[in-house]
Amino acid sequence: MQWARKGLSTLCLLVENQEFIDFKTISERYGLAWQDFYRYLQLRHYFDKNIKGLIQENISGITKMFIKAYNTKLSRQIIGELYRHIVELRGHSTNYIKAKWEKELGTVTTSEDWTNIINTQITTIASQLWRDFSWKNCIRFFITPMQKSRQTRLQLTCRRGCGHSMADHMHIFWSCPTLKSFWEEVRNIISEVLQYKFNFTCLSFYLLLTITRRWLNTESPTVNQWEAIIKDIQTMELLTFRLRLQRDKGEALWEKWSTYSTRRGDNLS
Ligand SMILES: [Zn+2]
C-alpha cells in the first residue's frame with residue numbers, strides 16, 4: 001500500500017528486459033527508503049521463483065501492451081494496436097476477414113496473396129499513423145453505411161451521394177461511381193511511376209490511404225491529395241532511413257517515385 005502511494009502499483013514496474021531492476025534504481029525512481037529493502041528482496045525472490053520462467057516463454061502482445069501502459073509508453077494508436085492483438089489472440093487467423101472480402105469482391109484470394117497483404121500493412125510504412133490507418137482498412141475496422149443500416153434499421157445510402165443503398169467496404173473504398181476517376185488517375189500515375197502495367201485490383205489496399213482519412217467526407221478524394229500524402233510519407237520514410245543510417249537503402253526504395261516527381265515537376269515548370 002505504501003509503495004502504491006509512491007506510484008509503484010504493479011510488479012511489472014519493477015521489471016525491465018525480464019530482469020528485476022536493482023534496488024538502488026528502484027529506490028531512486030520511487031523514493032523508497034532502506035527499510036524497504038527487505039520487502040524488495042521478498043518480491044525479487046517471488047519473481048525469480050514464480051514469474052521469471054513464465055515470461056521468458058512468451059508474453060502475448062496484449063500483455064506487453066498493458067506493461068507499456070503501466071510504464072506510460074503507449075503510442076497514440078491504442079485502438080489499432082489493441083485490435084491487432086485481439087485479432088492475434090483469435091487463433092492467429094485472419095481468414096474470417098479474408099472470407100468477408102472475398103464475398104464482397106466475388107473473387108478468391110490465395111492464402112499467399114492474403115499473407116502478402118497482411119504483411120504489407122505491418123512492414124511497408126515506418127509511420128505508426130499510416131500503418132494504423134492501413135491496417136484498420138484491411139481488417140474492416142470501419143463501420144459502413146450498410147452495417148449501420150442493419151444496426152439502426154434505417155435505410156442509409158452511400159454518404160458520397162451516389163444513391164447506393166448497399167454501401168459495403170468494397171463500395172466505400174473502391175467501386176463507388178464517384179471514385180471512378182480518382183482510381184483511374186491513381187492507376188495511371190502508378191503505371192507511370194513503375195513503368196509497367198500491373199494488375200490493379202481492390203486488393204491493392206495500401207493505396208487506399210487517402211480514402212480512409214477522408215472517410216467521413218462526402219466528396220471523393222483527389223489525386224493531388226493522394227500525391228501530397230505520398231510525398232509526406234516519402235519525406236518521413238527517407239528521414240527514418242537516414243536516422244537508421246540506411247540512407248542509400250531508403251533512396252533506392254523511393255527511386256522510382258523520386259524520378260516521377262522530378263519528371264512531373266519539370267513538366268509543370
Ligand atoms: Zn457511393
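## Exposed turns and a covered helix

R153 is exposed, because just 6 other C-beta atoms lie within 10 Å of its own and the cut-off for exposure is 12 or fewer. The model is a predicted one. R153 sits in the loop that links α9 (145–152) to α10 (169–175). R153 is not a glycine, yet its phi is positive, at about 60°.

L245 is another residue of this kind. L245 is not a glycine, and its phi is positive at about 60°. Its place is the loop between α13 (223–243) and α14 (247–253). L245 is exposed, because it has 8 other C-beta atoms within 10 Å and the limit for that class is 12.

R140 also takes a positive phi of about 60°, just after α8. R140 belongs to the loop between α8 and α9. Is R140 buried, exposed or partly exposed? R140 is partly exposed, because its count is 17 other C-beta atoms within 10 Å, between the limits of 12 and 20. Beyond its neighbours within four places in sequence, R140 makes contact with I97, K100 and H169.

**The chain as a whole**

The protein chain holds 15 helices and two strands. Of its 269 residues, 14% are buried. Consider contacts in the protein chain with a separation of 6 or more: 53% of them join residues 24 or more positions apart.

**Helix α8**

How many of the eleven residues of α8 are buried? Eight are, so the helix, which spans residues 128–138, is mostly covered. The buried set includes the aromatic residues W130, F133 and W135. R131 and D132 are buried as well. S134, N137 and C138 complete the list.

C138 also appears in a pairing with W101. These two residues are 37 apart in sequence, and their C-alpha atoms are 9.2 Å apart in space. W101 is part of helix α6 (residues 95–105). Why does W101 count as buried? W101 has 20 other C-beta atoms within 10 Å, and a residue is buried at 20 or more, so W101 meets the cut-off.

**Helix α9**

M146 lies in helix α9, and so does Q147. M146 has 19 C-beta neighbours inside 10 Å, so it counts as partly exposed, because burial needs 20 or more. Q147 has 15 such neighbours inside 10 Å and is partly exposed too.

Which residues does M146 contact, leaving aside its neighbours within four places in sequence? They are M166, A167 and D168. A167 recurs in the C-alpha separations for both M146 and Q147.

**Pairs apart in sequence**

The table sets out C-alpha separations for four pairs.

| Pair | Apart in sequence | C-alpha to C-alpha |
|---|---|---|
| W101 and C138 | 37 residues | 9.2 Å |
| R140 and K98 | 42 residues | 10.0 Å |
| M146 and A167 | 21 residues | 5.2 Å |
| Q147 and A167 | 20 residues | 8.6 Å |

R140 thus has K98 at 10.0 Å, C-alpha to C-alpha, while its contacts include I97 and K100. M146 has A167 both at 5.2 Å, C-alpha to C-alpha, and on its list of contacts.

How values were computed
Residues are numbered from 1 along each chain as its sequence is written. This is a predicted model: local features need pLDDT of at least 70, side-chain atom pairs count only at pLDDT 80 or more; totals for chains, interfaces and linings use all residues. Helices (H or I, at least four residues) and strands (E, at least two) are DSSP runs, numbered from the N terminus. Two residues are in contact if their C-beta atoms, placed from the backbone, lie within 7 Å.
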